[in-house]
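Open the model in your viewer and keep the selection panel at hand, since this tour moves from one selection to the next. Each stop says what to pick and what is found there.

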Amino acid sequence: MIVDAHHHVWNKRDLPWLSGPERPRIFGAYAAIRRDYPIREYLEDIRGTGIGKSVYVQANWDPARFEDEVAWVQSVADDSGWPHAIAGYADFTVEDVRPQLDRLARHALVRGVRQQFHWHDVPRYRFASRPDLAADATVRKNIRCLADYGWCFELQVFSGQMTHAAELAAQCPDVTFVLQHAGMLADNTGAGRDLWAAGMLRLAACPNVVVKLSGFGTFLHRNDPAFIAGMVRETVEMFGADRCMFGSNFPIEKLWTGLREIVDSFLAATEHLVPGQRDAIFRLTAERVYRL
């Protein structure tokens, strides 16, 4: 069985970035996904892939409706049995995040929270309001609160932000950090990969950081088995297979490929690993982190 540790389902009406005029995004033109992506379509997409469980990661509803998003996904799970865990949204820049976390805790499947910290010099790659949120004292204090709920923090940063991210993880030793998309390698030149590798090694030195092997088509806008194989090999060498997990990032990658093609690429990329390592990447790490 494979666990998909990162996917989204959505109603178009609830997502402002899908309901307004199309504007530049990291993943390019997205007219093809400016529509509902219900759980029944996701289940059809995974048919025959071996995926047996999944984790929903927040999809940027209006921040004021952060609990509505989780409540809706919980209702989908109650009706269909999918997904099996939820990472919701909270704003960690407020003075005290706990009232938001208490609201999320009403919903049985919540296992983590994501607030996207990624910031880049290229405007269309930028999401956070500033590059140094991971260094903010209030943010760090609030993220430490996740330990009281037994929840992980879904950490999304670029290479240039990884030093602060590693400091954040070190200051929150009782919180598990799930590094999104293996650190979002946006610059595949020699210098870009060197910066990424240096940052990844800093994060790998923090035992409470695990890595999501996902989103590798984000900057290429294609499914590239050779690129996936290289990223998997380097990341597993740095973190170990027991700190890595597979994620589909669907339906975003539906823009350029199918889910079966993604799974096949990851299976090929891990052929050199022993069965226990492959089982960690495709099942055990996600089961442990999200308590599946």
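Begin with helices H8 and H9, whose crossing is right-handed in this predicted model. Their axes lie 9 Å apart and the two helices pack at an angle of about 35°.

Now show the side chains at this contact: H8 contributes Arg193, Trp196, Ala197, Met200, Leu201, Leu203 and Ala204, while Phe227, Met231, Glu234, Thr235, Met238 and Phe239 come from H9. Coloured by character, the residues of the contact of H8 with H9 divide into 10 nonpolar, one polar and two charged.

Next, select Arg193, which belongs to helix H8, the stretch that covers residues 190-204. Is this arginine, Arg193, buried or exposed? Arg193 has a relative accessible area of 18% and counts as buried because the cut-off for that class is under 20%. Draw the distance from its side chain to that of Glu234, and you will find that a polar contact of 2.5 Å joins Arg193 and Glu234. If the surroundings of Arg193 are then displayed, leaving aside its neighbours within four places in sequence, the residues in contact with Arg193 are Leu185, Asp187, Asn188, Phe227, Met231 and Glu234.

From that list, move on to Met231, which lies in helix H9. Met231 is buried, with a relative accessible area of 1%. Once neighbours within four places in sequence are left aside, Met231 is in contact with Ala182, Leu185, Arg193, Trp196 and Phe216. For a sense of scale, add Pro83 to the selection: Met231 and Pro83 are separated by 148 residues in sequence, and their C-alpha atoms are 27 Å apart in space.

For the last stop, keep H9 (residues 225-239) on screen and add helix H10 (residues 259-269), noting that these two helices pack at an angle of about 50° with their axes 9 Å apart. H9 is therefore oblique to H10. Viewed along the line between the helices, H9 passes H10 in a right-handed crossing. The side chains to select here are Pro225, Ile228, Ala229 and Val232 of H9, together with Ser265, Phe266 and Ala269 of H10, the residues that make the contact. How do the residues of the contact of H9 with H10 divide into nonpolar, polar and charged? Six are nonpolar and one is polar, with no charged residue in the contact of H9 with H10.

Definitions and conventions. Residues are numbered from 1 along each chain as its sequence is written. This is a predicted model: local features need pLDDT of at least 70, side-chain atom pairs count only at pLDDT 80 or more; totals for chains, interfaces and linings use all residues. Side-chain values use heavy atoms; hydrogens and water are left out. Helices (H or I, at least four residues) and strands (E, at least two) are DSSP runs, numbered from the N terminus. Buried means under 20% relative accessible area, exposed over 50%, partly exposed in between (1.4 Å probe, protein chains only). A polar contact is a pair of N or O atoms within 3.5 Å; within protein, one must be able to donate a hydrogen and the other to accept it, and residues adjacent in sequence count only if both atoms are side-chain atoms. Contact means heavy atoms within 4.5 Å. Axes are lines fitted to C-alpha atoms, for helices over the stretch in contact, and angles run from 0 to 180 degrees between N-to-C directions. Angles under 35 degrees count as roughly parallel, over 145 as roughly antiparallel, 65 to 115 as roughly perpendicular and the rest as oblique. A crossing is left-handed if the near helix is turned anticlockwise from the far one by less than a right angle, and right-handed if clockwise. Ala, Val, Leu, Ile, Met, Phe, Trp, Tyr, Cys and Pro count as nonpolar, Asp, Glu, Lys and Arg as charged, and the others, Gly among them, as polar.
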